[in-house]
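Trainee: I am new to this structure and would love a close look at a single part of it. Could you walk me through the open sheet, strand by strand?

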Amino acid sequence: MYYLATVVVNGNGEESEKPHKEQYLVDAVTFTEAEALCTKELRNYGIEGVITLSHKDAPFVGEIDPETKIYEVSIEEVEDLGLDKKGNPRSKTTKSKCYVAAHSLEEGIKSIDYGDVVGIKETKILGLIEP
């Protein structure tokens, strides 16, 4: 399960640096675990700020390195339900989202191995925080 952590980072005390927002995906089972992981990770880098979490029911695909970006991908899967009583084809469309780490939009689309990619956009997520 993933949570999206939005962190309002305090400036470093200099006039030139004002508070700003950073976003991270947090891999955790519970909200409390996500908050603890995020707080610990940020403190390891000397970052302090106010953390706001929201649940994201979407899987994560790929490996993160300094060159990757994180994309949000919208996917549609069409299931064939056969024919109705009049002989007309029936189908069911399921929409979902996932997050993909990739170097480009094209690479992000290629990394999805199910359904049809109907949308992809670059996010402002800076990284993945894992246990």
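Mentor: Happy to. Let us begin with one pair of strands: S4 and strand S6 (residues 89–102) run parallel to each other and share 2 bridges. Here two strands pair if DSSP finds at least two bridges between them, and strands (E, at least two residues) are DSSP runs numbered from the N terminus, as are helices (H or I, at least four residues). Please keep in mind that this is a predicted model, in which local features need pLDDT of at least 70 and side-chain atom pairs count only at pLDDT 80 or more, while totals for chains, interfaces and linings use all residues. Residues are numbered from 1 along each chain as its sequence is written, and side-chain values use heavy atoms, with hydrogens and water left out.

Within that pair, Phe60 has Tyr99 of S6 as its bridge partner.

Now step back to the whole sheet. It is open, has 4 strands in the order S4-S6-S5-S7, and its pairing is mixed. Strand S4 (60–61) and strand S7 (116–122) are the edges; each has a single partner strand, so one side of each is left without a neighbour in the sheet.

Moving along the order, S5 and S6 are antiparallel partners with 14 bridges. Their hairpin has 5 residues between the strands, and there Gly87 takes a positive phi near 90 degrees. S5 also pairs with S7, again in the antiparallel sense, over 6 bridges. A good residue to find is Ile75: its bridge partner in S6 is Ser96, and in S7 it stands opposite Val117.

Next, look at the loop between S4 and strand S5 (69–83), where Thr68 has its place. Thr68 counts as buried because its relative accessibility is 15%; buried means under 20% relative accessible area, exposed over 50%, and partly exposed in between (1.4 Å probe, protein chains only). A polar atom of the Thr68 side chain lies 2.9 Å from the backbone oxygen of Asp65. Leaving aside residues up to four places away in sequence, Thr68 touches Glu63, Ala101, Ala102 and His103, where contact means heavy atoms within 4.5 Å.

To finish, the structure holds 0 disulfides, a disulfide being a pair of cysteine sulfur atoms within 2.5 Å. Cys98 counts as buried, since its relative accessibility is 0%, and Cys38 is buried too, with a relative accessible area of 0%.

How values were computed:
Polar contact = N/O pair within 3.5 Å; in protein donor to acceptor, adjacent residues only side chain to side chain.
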